[in-house]
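Here is a short report on how the parts of one structure are arranged. It moves from domains to contacts, then to a barrel and to the cores.

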Amino acid sequence: MRSIEVAAPGMLTTLQDLGRHGSRSSGVGPGGAVDTLSHRVANLLVGNPADAAALEITLLGPRLVFPQGAWVAITGAAVGAVVVTADGRSIPVPAWHPIWVPDRATLVCGPCAPHGCRSSLAVAGGLDVPLILGGRGTDLRSGFGGYQGRALRAGDQIPVASLRKPPADRDGVVVVPRTVPPELTPWPTGSPADGAMPPPIRVLRGPEFEAFPAASRETFFSDTFVVTPDSDRSGCRLSGRALPPPTMALSEVVVAGTIQIPPSGQPIVLAADHPVTGGYPRIAVVATIDLPRIAQASPGAPLSFVEIEHDDAQRRLRERERTLRRFTLGLEYLR
Amino acid sequence: MASSLLTIEPLGDACLVVRFGTGVDAVTSRAVAAATAALTAAALPGVVDIAPTFNTVAVVFDPHQADPRELSGAILADLQNLNSSAPNPGTLVEIPVAYGGDDGPDLAAVAAHTGLDSDEVVRLHTTADHVVGMIGFAPGFPYLIGLPAALSIPRRATPRTSVPAGSVAIAERQTGIYPRTGPGGWHVIGRTPRAMFDPRRDPPALLRAGDRVRFVPVTGPVRSGERIR
């Protein structure tokens with residue numbers, strides 16, 4: 001059994017996959033990686049199935065020791081990763097590429113910068129933890145799944161499922177040139193320039209949209225909101241001009257991307273660890289294609305919303321999936 | 001259950017919500033439970049999860065795989081076939097509860113609010129037929145409908161910061177059971193040693209929407225960590 005040793009855990013590093021599905025009727029939400037697109041691409045870069053378990057890094061990355069060499073890929077927010085070899089050389093390695101980390105080397109990840117707040121770190125072979133309720137992800141609130149149902153700590157030994165062929169020079173750090181199209185990143189229109197306003201997040205009207213006062217509906221689409229620091233895996237919390245909500249009689253179903261407006265009038269965009277039901281009016285739901293952008297919205301980031309029609313949302317998602325399929329086939333051809 | 005009584009509305013681009021009106025009652029719960037069972041058995045392509053609420057069934061799908069228009073048609077077809085079949089009445093589950101004392105710190109307040117004595121509150125709660133309206137809020141948390149009108153009480157003005165796992169609590173016309181220790185705004189009248197949620201169990205939640213529940217009074221106190229599976 002091979003494993004990776006955690007020398008330092010970073011701020012919040014958890015094992016995640018693409019979520020557990022089929023247990024909503026027991027009150028268990030999907031969980032899994034918040035930025036599923038970066039998770040899928042990281043796995044594909046190292047030859048894993050897209051849904052293999054990988055690490056989700058939040059704001060500050062971990063320091064990991066590899067007793068035996070392994071192929072890894074880091075996607076999502078860049079973390080200024082450096083491989084420190086057994087003989088003490090420090091070699092910076094880029095995100096969005098397959099990297100060979102040689103025997104006894106340490107992978108040192110820094111803060112998520114300059115954009116985004118989450119990174120996916122995939123290891124060839126996948127992280128080997130038991131499947132619970134159809135998922136390998138960590139449910140932090142209920143304390144099950146992933147690595148012992150909790151975030152990583154120093155000293156943890158994460159099992160890796162299987163080996164993939166090392167490069168010819170297995171003692172060196174190898175970076176394999178690969179080009180990930182921007183559409184397959186959380187920044188499809190390129191990295192935002194400092195201070196520039198990113199394109200608005202595309203949303204579909206929520207079930208209670210029409211019940212909101214006209215002023216709330218207008219403000220929702222006209223204003224810019226700012227991500228607050230109390231955002232977490234259960235939701236991205238926003239601050240801005242208040243959007244007075246209507247009252248709601250009952251709790252109703254919610255999904256990732258649902259934008260709830262609590263009595264404070266400050267929007268909450270639900271993310272992977274959301275409860276399965278919610279009692280706040282749902283003004284809108286983020287289109288699946290823009291969920292990775294919400295996942296990467298870090299505290300202080302500005303966000304605005306624009307309506308998209310169902311057909312358009314579906315068409316754009318299909319286009320992205322075609323791009324992802326072409327990319328996957330290309331990787332298989334090059335391997 | 002005629003299909004004209006139900007509507008299908010989208011929730012974003014990866015979920016369709018089948019709605020059976022707006023009522024919260026045992027008849028609606030049975031319709032929801034029957035539809036949940038039918039749609040689960042149908043295993044429609046691209047559908048990843050089926051989740052009932054008080055009066056809806058959410059059909060969560062992978063938008064990379066399923067087309068919402070086709071899926072909507074398939075759902076209607078499946079539920080039309082349901083017309084002739086008898087609705088599933090759900091399982092009867094007995095839940096032992098130690099009422100009052102440290103296990104039910106709000107029992108006296110409920111008695112004072114309702115003008116009943118504590119024994120009468122317990123008698124009404126344990127003789128009522130409760131039905132699971134939905135599981136939500138937290139894994140394994142059941143919203144039970146059927147609380148007698150005489151026990152109706154608004155939520156606590158200030159939620160408790162920590163309610164022990166197994167706490168049986170009431171608010172408005174509902175009873176809930178907290179599966180894990182955490183904050184809660186309902187009035188805690190008792191506590192059960194039954195584990196409401198266990199991820200190693202299949203299904204992990206003790207109760208399902210549509211199940212009938214009878215509370216059985218037992219003598220406490222319920223000790224933390226004590227579990228009957």
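## Domains and their contacts

In chain A, 28 Å separate the centres of domain 1 and domain 2, taken over C-alpha atoms. The bounds, from an automatic or database domain assignment, are 2–187 for domain 1 of chain A and 201–318 for domain 2 of chain A. The model is predicted: local features need pLDDT of at least 70, side-chain atom pairs count only at pLDDT 80 or more, and totals for chains, interfaces and linings use all residues. Residues are numbered from 1 along each chain as its sequence is written, while chains are lettered from A and ligands numbered from 1 in the order in which they are written.

Chain B is also assigned two domains, domain 1 (3–84) and domain 2 (92–218). Their C-alpha centres lie 28 Å apart.

The table lists the residues in contact, meaning that their C-beta atoms, placed from the backbone, lie within 7 Å.

| Contact | One side | Other side |
|---|---|---|
| Domains of chain A | domain 1: 21 residues | domain 2: 13 residues |
| Domains of chain B | domain 1: 11 residues | domain 2: seven residues |
| Chain A with chain B | chain A: 32 residues | chain B: 37 residues |

Residue classes follow a fixed scheme: Ala, Val, Leu, Ile, Met, Phe, Trp, Tyr, Cys and Pro are nonpolar, Asp, Glu, Lys and Arg are charged, and the others, Gly among them, are polar. Domain 1 of chain A meets domain 2 of chain A with eight nonpolar, nine polar and four charged residues. On the side of domain 1 of chain B that touches domain 2 of chain B, helix 1 (residues 26–42) of chain B gives the largest share, six residues. Helices (H or I, at least four residues) and strands (E, at least two) are DSSP runs, numbered from the N terminus. By class, that side of domain 1 of chain B has six nonpolar, three polar and two charged residues.

## Between the chains

What supplies the largest share of the side of chain A that touches chain B? Helix 4 of chain A does, with five residues. Helix 4 spans 310–334, and strand 16 (252–253) of chain A also supplies at least two residues. The side of chain A that touches chain B divides into 15 nonpolar, 14 polar and three charged residues.

## A barrel in chain B

Seven strands of chain B close into a barrel with mixed pairing, in the order 5-12-9-10-7-6-13. Pairing requires at least two DSSP bridges between two strands. Strand 5 (residues 92–99) and strand 12 (residues 187–191) of chain B pair in the antiparallel sense over two bridges. B:Tyr99 stands opposite B:Gly190 in strand 12 of chain B.

## Cores and one residue

A nonpolar core is a set of buried Ala, Val, Leu, Ile, Met, Phe, Trp, Tyr and Cys residues joined through C-beta atoms within 7 Å. Buried means 20 or more other C-beta atoms within 10 Å, exposed 12 or fewer, and partly exposed in between, with C-beta atoms placed from the backbone. The largest core has 106 residues; A:Val203, B:Cys15 and B:Ile189 are among those touching the most other members. Helix 1 of chain B contributes the largest share of this core, seven residues. Apart from it lies another core of 49 residues, including A:Leu45 and A:Ile158.

B:Gln80 belongs to helix 2 (residues 68–80) of chain B. B:Gln80 is partly exposed because 13 other C-beta atoms lie within 10 Å.

Key
Two residues are in contact if their C-beta atoms, placed from the backbone, lie within 7 Å.
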